[in-house]
Amino acid sequence: MSAATMKAAYENAEVISIWPQADMSVLNEGRRSPVAMPADLFGPAWPLLVTVAEGVCTAPDYPGMALLASCASLIGGKRRIRPYDTAAWSEPCILWCGAVGDPSSRKSPALDQITAPLRTLEQAKADDHKDALREFQERSEWNKQTRKRWQDEVAEAIKNGLDKPKMPEDAEDPEEPHRRRTLTMDSTPEALGAILQGNPQGVLSFRDELAGWLTSHERYSPGGREFWLEAYGGRPFVIDRKGTKGPISIPFNGVSVLGGIQPAKMADALLSSPDDGLVARFLWAWPDKVPSVRRPREAADLGRLQRAYERLDSLSWAKTAEGANIALTLPLAPPAADLFEAWQADNAAIDQDASALFKSFVGKMDGAVLRLALVGEFISWAFSDDPEPSEVSAYALAAAARFVDDYAKPMSERVYGDAALPAVERHAALLARYIRRYQFKTINLRTLKQSPHKSRLSALRQGDTMRAAAEYLVDAGWLQPAPRREGDTTGRTSLDFAVNPQVLEAE
């Protein structure tokens, strides 16, 4: 064979790789891809949400969820929704919304911007509370002296055998005024109960980190989890605790919840929770991170958001015959009731092969659609000058149903699918992303458990956990063992692995 023939054969020879085709699906841990948040539920508020999102370089999902929870908390106990005139069933205006994303997803700035006007609203009521407190102190001192005079009269009557003097009304202790609260951050059931006593329309519990909230309900006292389950239903609640002056009676135990959670913490938090339906009450947002940071084109009109919140906060109560505050219950408009009946039938056809978490979530969507429709109706009202609605329209109901079907359900599958994944697959995905991030061509498992890696791979600190994740990546075609010994010793081999070049080059 001539040299030219050998050269041509060499150049045309098929290159055979020692590496198998790598399974790149390891990276997403089997997660469902995110979907776009529908705009129609938010009505005239949507452009503001888009501007807020662009201002912090994130998806509109985060400010959207914050708006839903904030508006629900301001409407709170003042309004309910009933789907059918022939049914006693009605739903309160309470929503629990979770924002999922890495620390770099910029979810917190978006949530903060939408909730900031709630703080302003609370502060604006502070001067009114000071005046009410001053009046309370004046009346309290007056009543104290009146009571003292009555007590002297009682002593004199007993001494002289006279009739029992009647206790004056202003001898009783006056009721202390409650400060207006729109937000709580980290309250025990007892503390939150006291807040709800003075804020019967409800409040928003805003937690920057939901993982701690989900796992801390029994930290302070037994029954904390049961309190929160009741707080989603908005029913009356009584807290009996040793050491308090008396039971805390709450006519409307209604707390909307908003918070963020990191994917790395989410699975453990969800899987460690009892299967009591608390987690299934959340509406989840988990969009992809916006890849680039750029200068915003315009500033968000947060003054308009402030005015909308003030309008919602000004909603009046309905009254009983005795003058007590009660919720005004809005019916679905007849076309909306027809739509809801058809949607209920479709929603009932749950895939029996779905995970338990997802089936529990879907089972709670009948009530969630109604609550979302009520909030959507009042968002449109708050951002307009229209008269207050007396019913929930077919448009609002259809927008809520689309939001649940096209967004909430896919996002919950994304969240619960991640949580239901075996731990070894989650750990393998964490290691795989770390390899790609730093473009490692080889790795050593012992080195990865040392600084600076150990703080970034905290979930893999245990030797068996790290080894199992590496073995999973071997099976997925990402790694190949490359053991070696130092010198001529017969000690244990190093935990070295070679990295498949394909995974470093793949898009």
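The following exchange covers a helix pair and one arginine in a predicted model.

Biologist: How are the axes of H10 and H13 oriented: parallel, antiparallel, perpendicular or oblique?

Modeller: Helix H10 spans residues 302–313 and helix H13 spans residues 365–382. Their axes come within 9 Å and cross at roughly 120°. Angles of 65 to 115 degrees count as roughly perpendicular and those over 145 as roughly antiparallel. The crossing angle therefore makes H10, relative to H13, oblique.

Biologist: Is the crossing of H10 and H13 left-handed or right-handed?

Modeller: The handedness concerns the crossing of H10 and H13. That crossing is right-handed.

Biologist: How do the residues of the contact of H10 with H13 divide into nonpolar, polar and charged?

Modeller: From H10 come Ala308, Arg311 and Leu312, and they meet Phe378, Trp381 and Ala382 of H13. Arg counts as charged, while Ala, Leu, Phe and Trp count as nonpolar. The division is five nonpolar, no polar and one charged.

Biologist: Is Arg79 buried or exposed?

Modeller: Arg79 is found in strand E1, residues 79–82. The cut-off is under 20% relative accessible area. Arg79 has 1% relative accessibility, so the residue counts as buried.

Biologist: Which side chain is joined to that of Arg79 by a polar contact of 2.9 Å?

Modeller: Beyond four places in sequence, Arg79 is in contact with residues including Cys93, Leu374, Phe378, Ser316 and Glu388. For Ser316, the backbone oxygen lies 2.8 Å from a polar atom of the Arg79 side chain. The side chain joined to Arg79 by the 2.9 Å polar contact is that of Glu388.

Methods: Residues numbered from 1 in each chain as written. Predicted model: local features only at pLDDT ≥ 70, side-chain atom pairs only at ≥ 80, totals over all residues. Heavy atoms only, no water. Axes fitted to C-alpha atoms, helices over the stretch in contact; angles between N-to-C directions. Helix = DSSP H or I, 4+ residues; strand = E, 2+ residues; numbered from the N terminus. Parallel < 35°, antiparallel > 145°, perpendicular 65-115°, else oblique. Left-handed = near helix turned anticlockwise from the far one by under 90°. Contact = heavy atoms within 4.5 Å. Buried < 20%, exposed > 50% of the residue type's maximum accessible area, 1.4 Å probe, protein only. Polar contact = N/O pair within 3.5 Å; in protein donor to acceptor, adjacent residues only side chain to side chain.
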